[in-house]
Amino acid sequence: MKILKNLLKTPFFIFGVVLLVGTLSFAYILPLFYHVDIKTCVGAPYMPPSAEHWLGTDHMGVDMLSLLISGLQSSLYVGLLAGIIATITGTFLGLYAGFRGGWQDNTINMVTNLFIVIPQLVLLILISSSMKEGRSLTLIAVIIGLTTWTWTTRAVRAQAASIKSRDHISLAKVNGASTITILFKHILMYLMSYVFMVFIMQTASGILSESAISMIGLGPFDTVSLGTILNQAQRNEALTDGAWWAFLPAVVLIAAIAFALYVINQSMEGVFNPRLRK
Amino acid sequence: MLKRYPTLRYILSKAGWYFLTFIAAVIINFFLPRMGASNPVDIIMAKVGAGLDTQAAIEKEESYLKEFGLVEVDKDGNIIRDESGKPVQASSFKQFIRYVTMSLQGDFGTSFLNYPKKVSEIILGAIPWTIALQLPTIVLGWIIGNVLGALAAYRRGIFDKFFFPLALLGNAMPFFAFGMLLVWLFAIQMHLFPAIGGYAGDLIPSFSWTFISSAIYHFILPFLSIFLLSAGGQAIGMRSMCIYELGTDYIKYAKWLGVKEHKIIFYMFRNAMLPQLTGLALSLGGMVGGALITEMIFSYPGLGMSVLTAIQGNDYPLIQGCTLLVTICVLIANFSVDIAIGFLDPRVRAGQGAK
């Protein structure tokens, strides 16, 4: 509770939360007041913003604000799912490797080091391009999640290895606690704040990865996401036509959500790690 | 024997390690696209097959099958057939061996999209642009970012209050989104810089002044879009490293002793730099990836553009050639940084030797 109090005293943290809530309400509260329709063409291509269509239309004449709302929802979904997958995989492998040591540690370390140097975008391109049909939003989230866990593993492993030799772990061992119990009850609990911060970062990077992979045309086929909006804008010359409403709001939304998450993470780090405090 | 040469031992173990990673990368690069993709010949046949009668189409298809190494071939280069006269498909393992031996000779196969142009030809044309754009940008961004990060940590004040949130915001923006903003603002709205291309469209690459000045003119916007963001990202890392160093005993002691400020900054900088060097190695992959997409925004004639056209046209050999090359470059860069760390930091070598 003290931590929460400290957090609420940090203006930076408040700012991040407000920004996050703002973006979330754009995705989930605005649709209550605005009719979202991403299927029908309601006007001419690249119509500028008007009272009827607050952010104009895209290259097909579809209402832009509707696309943005539904795109933000997809991006949030991908980010969250990818973040959960990457955090769980990474934390679990890291905990196990750090606690176990020996050949299990070496093997996990080897795989981690291997995937950490191979550029993530290369993996994303190779996997996504091989799955031509049925590249759903969920599949993309899974692919992103499975290519970004390496950082978490490395960090959690180092933390777990340092906690391993503490007295309470030895005591638990003497008491006959199983490996699983020790891992989750006695090590993970200590790292919870850290894992939560990792999760925030993984979610942010998941959203950014999705936009990157959609930008190059390997995004979901069945839905709109912020990345596919940008891809369409780029392909259909929104830039040269000066149709700023076709890409600027999407850029702002991506930056806003990732920025909010970064700010929250950074201010939490300041609270959990007193050294960073002034 | 190697115990007496810790540096050599360190280099060798790193080299062995990177070789292993390289093998894994080649395997991934070969098998991933083949996991779900249909036979590449089907794709190319859909393009060229129209208008051919069946016999010609079959012959054409078999010649492609042979060219892409998908069928068994006997010593004289004839396709081996089963009883019904159908070509025998080569096993994936055989295809893999063929792919590796060809890649080692610098032959990445033939592009589908620009048939019969070789993939290596396309890549060779693109790679100078990518290197010219990314190498100076990433290195410069890294240096400036580190200096700014150290200043933010030491001076706090304006650097911390203003530049730090700005860097964080930059970090939250994908490279390409920032590139789009720059294009729209400076090229479309203000007409200050050209929006796309690596040089003016009516020029032919040559070593003339008109061409070089045009190339530099076209270089500025993509350079800025990568440079500013990567500098910001590095500054964030350096800032927290320096704050950590500032809290250590040796800095406090130096302050009590009354050591001159710039000397303390130097100590702090030097010690905080090492992890940043590792950071450079590890984030190279991400930076290269991000910068590739920037090339797409600017239609810069580098590797990123090749990847984009390849993806849009299902040109698997070109995709694979590009991804393999990018991976190799990143591996080499990582390896060089690792070796440099070995020489700069005696603890790294000692740690290896003690094991």
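Mentor: A helix is a DSSP run of H or I with at least four residues, and a strand is a run of E with at least two; both are numbered from the N terminus. This is a predicted model, in which local features need pLDDT of at least 70 and side-chain atom pairs count only at pLDDT 80 or more, while totals for chains, interfaces and linings use all residues. Residues are numbered from 1 along each chain as its sequence is written, and chains are lettered from A and ligands numbered from 1 in the order in which they are written.

Trainee: How many helices and strands are there in chain B?

Mentor: Chain B has 13 helices and zero strands. Just after helix α11(B), Asn314(B) takes a positive phi of about 55°.

Trainee: Which residues of α11(B) are buried?

Mentor: A residue is buried if 20 or more other C-beta atoms, placed from the backbone, lie within 10 Å of its own, exposed if 12 or fewer do, and partly exposed in between. Helix α11 of chain B, residues 303–312, has eight of its 10 residues buried. They are Leu303(B), Gly304(B), Met305(B), Ser306(B), Val307(B), Leu308(B), Ala310(B) and Ile311(B).

Trainee: What covers the buried residues of α11(B)?

Mentor: Coverage is read from contacts: two residues are in contact if their C-beta atoms, placed from the backbone, lie within 7 Å. For α11(B), the cover includes α6 of chain A, along with α5, α10 and α12 of chain B.

Trainee: How many residues does the contact take from chain A and from chain B?

Mentor: The contact takes 39 residues from chain A and 48 from chain B. On the side of chain B that touches chain A, 35 residues are nonpolar, 13 are polar and none is charged. Here Ala, Val, Leu, Ile, Met, Phe, Trp, Tyr, Cys and Pro count as nonpolar, Asp, Glu, Lys and Arg as charged, and the others, Gly among them, as polar.

Trainee: Where do the buried residues of a helix such as α2(A) sit around the axis?

Mentor: An α-helix has 3.6 residues a turn, so residues three or four places apart point the same way. In α2(A), the buried residues are Phe13(A), Gly16(A), Thr23(A) and Ala27(A). They cover an arc of only 100° around the axis, which puts them on the same side of α2(A); the arc is that of the directions from the helix axis to the C-beta atoms. On the other side, Pro11(A), Val18(A), Val21(A) and Ser25(A) are exposed.

Trainee: Why does Ala233(A) count as buried?

Mentor: Ala233(A) counts as buried because it has 26 C-beta neighbours inside 10 Å.
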